[in-house]
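Please look over the sequence and the model before reading on. The report below walks through selected parts of the fold, one at a time.

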Amino acid sequence: MKLPGLVLPGFANSHSHAFHRALRGRTHGDGGSFWTWRDTMYAVAARLDPSSYLALARAVYAEMALAGITAVGEFHYLHHAPDGTPYADPNAMGHALITAAAEAGIRITLLDTLYLTAGVDGAPLEGVQRRFGDGDFDGWAARVAELSAAPHARIGAAVHSVRAVPAPAISEMAAWARGAGAGPWTGRGAVPGHGAGAGPWAGGGAVPWAGGGAVPGHGAGGASWAGGRPVHVHLSEQPGENEQCRAVHGCTPTELLERHGLLGPGTTAVHATHLTGSDVKALGRSGTGVCLCPTTERDLADGIGPAGELAAHGSPLSLGSDGHAVIDMFEEIRGLEMNERVSRLRRGRFSPAELLGAATAHTALGWDDAGAIAVGNRADLVCVRLDSVRTAGADPAQAFFGATAADVTHVMADGRMIVADGRHVSVDVPAALTTAVAALLPSAPSSAGAAPFGGTPLGGTSLGDAPLRDAPLQDAPLQDAPLQDAPLQDAPLQDAPLRDAPLGGTPLGGTP
């Protein structure tokens, strides 16, 4: 098979909260802070059940596939019913996510999240937070032991943050993660509800990897990672978290994790935005990975983390779309480098190869046989147009500085084509997203223009209230100011001596 355009390894989205996708374009009406945004996010969390979560996550993961993502790390903490009561299947929500990934055709590392307290001071969970908690570490571990993984899915773990997990439980998590890897880590059979030959994949065939045999090119079970389970943790995303940690524990969040044994090569710190110099060194010398989420960090006004310093001190970097303000790994790649340029006043802190490495860091999710086009690796391939208005004329080695997810034409995951000619092979993604998000909207919004999910009204007026019919576009006298009035002919493009000043002297196409 000859693939078109620039062919890259499949991307790894190392940090995702699938349900946050319902917030896209709905949280910007009245400014606010991370904490006011969180209130709106909690309103979405309160509306989900296993069925609606499956529908939303399937659509979100299919959107990821369109963007060239072949594996996702799902930071999952919506465990129980909204009042905290376990479902009949205590892992119904996690199984919904695993099924959603199978139906979208991508792999998933379910980072089942420990969430026990509402603050660093140990305040109890309240409101919708009650659905996040398992009482204590043993309750969490017992539930996770019952998770049914699959060849396309691995079970990792997450410490939500030092706000949500007491120090002793951090030690327990560190010990759990260093276990021998028994239990659900490598997959124990079919995804619930999708036995061999069953399921909706590709018009009634077997769901990829879910009870349908070995992953193409890999042994039964599909697992090859020899280490312990991956553990992720939100770290120092907000200055307030640091201040609370110092007040209670007398140290930074990074120092607290180090004291309790959680730092190390199997751990990935997400965000790591507000770090001290000592924090950076501790993460680096322990080999702790760091996942940056540039589009979300700027959307929430989190700040810019010390990515360059972290990499220089030895922390492997990965990337995630997190809250899904956009799902576009090219934008995350550019954000990583451009944030460095803006904050350090230096261009080219990361090479194109280093940036691509961060976007394909499947090892952060426990898939050490993916992320490079190489013999023996998983056949995860992404085809990128080099003839679009964004990429035409670009050096292929640097094309992702101009490309977007819209330039992805074909995506192969584990040898299966899941996107062809820019369309998902089995999911109508725009329709699926529209339906899934609409199902989470309030059924009867007030006439005062109450915002979806209990947030701030978007400008105070819904689009449906605007009398567009009374002000048709054709009323605008565009014809009175024709474009040809601009004297473009007085400054012809050919007057610019482009031949005498090539683009920085760099030969286009000089890098294969």
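The text that follows describes a core, a pair of packed helices, two further helices and three loop residues.

**The core and helix α2**

What is shown here is a predicted model, and the values quoted are computed from it. The largest nonpolar core has 120 residues, and Phe19, Tyr61 and Met173 are those with the most contacts inside it. Helix α2, which spans residues 50-66, gives the largest share of this core, namely 9 residues. Leaving aside residues up to four places away in sequence, Phe19 touches Met41, Val44, Ala45, Leu48, Tyr53, Leu56, Tyr77 and Leu78.

**How α2 meets α3**

Two packed helices are described by the angle between their axes and the distance between the axes. For α2 and helix α3 (residues 92-104), the axes come within 8 Å and cross at roughly 35°, and this crossing is right-handed. On the α2 side the contact is made by Pro50, Tyr53, Leu54, Ala57, Arg58, Tyr61, Ala62 and Ala65, while α3 contributes Ala92, Met93, Ala96, Leu97, Thr99, Ala100, Ala101, Glu103 and Ala104. Sorted by class, the contact of α2 with α3 has 14 nonpolar, 1 polar and 2 charged residues. Two names seen earlier return here: Tyr61 is among the core residues with the most contacts, and Tyr53 is one of the residues that Phe19 touches.

**Two helices with a buried face**

An α-helix has 3.6 residues a turn, so residues three or four places apart point the same way. With this in mind, consider helix α13 (residues 429-438), in which Val429, Leu433, Ala436 and Val437 are buried. Seen down the axis of α13, these buried residues fall within an arc of 95°, so they line one face of the helix. The face of α13 turned away from the buried side carries Thr434 and Thr435, which are exposed. Among the elements that cover the buried residues of α13 are α2 and β13 (423-424).

Helix α12 can be read in a similar manner, since its buried residues, Leu355, Leu356, Ala358 and Ala359, fall within an arc of 155° when seen down the axis and so line one face of the helix. These buried residues of α12 pack against β1 (6-9), β2 (11-16), β9 (317-319) and α11.

**Three residues in loops**

Most residues other than glycine have a negative phi, and most peptide bonds are trans. Against that background, Ser236 has a positive phi near 50°, and Leu345, which is not a glycine either, has a positive phi of about 55°. The table sets out where these two residues lie, together with Arg163 from another loop.

| Residue | Loop between | Relative accessible area |
|---|---|---|
| Ser236 | β6 (231-235) and α6 (239-249) | 0% |
| Leu345 | α11 (329-344) and α12 (352-359) | 77% |
| Arg163 | β5 (153-159) and α5 (167-177) | 9% |

Are these loop residues buried or exposed? Buried means under 20% relative accessible area and exposed means over 50%, so Ser236 at 0% counts as buried, Leu345 at 77% is exposed, and Arg163 at 9% is buried.

Which residues does Arg163 touch, if those up to four places away in sequence are not counted? They are Trp35, Arg38, Thr117, Ala118, Gly119, Val120, Glu241 and Gln244. In addition, the C-alpha atoms of Arg163 and Asp121 are separated by 7.8 Å, although the two residues are 42 residues apart along the chain.

Methods:
Residues are numbered from 1 along each chain as its sequence is written. This is a predicted model: local features need pLDDT of at least 70, side-chain atom pairs count only at pLDDT 80 or more; totals for chains, interfaces and linings use all residues. Side-chain values use heavy atoms; hydrogens and water are left out. A nonpolar core is a set of buried Ala, Val, Leu, Ile, Met, Phe, Trp, Tyr and Cys residues joined through side-chain atoms within 4.5 Å. Buried means under 20% relative accessible area, exposed over 50%, partly exposed in between (1.4 Å probe, protein chains only). Helices (H or I, at least four residues) and strands (E, at least two) are DSSP runs, numbered from the N terminus. Contact means heavy atoms within 4.5 Å. The arc is that of the directions from the helix axis to the C-beta atoms. Axes are lines fitted to C-alpha atoms, for helices over the stretch in contact, and angles run from 0 to 180 degrees between N-to-C directions. A crossing is left-handed if the near helix is turned anticlockwise from the far one by less than a right angle, and right-handed if clockwise. Ala, Val, Leu, Ile, Met, Phe, Trp, Tyr, Cys and Pro count as nonpolar, Asp, Glu, Lys and Arg as charged, and the others, Gly among them, as polar.
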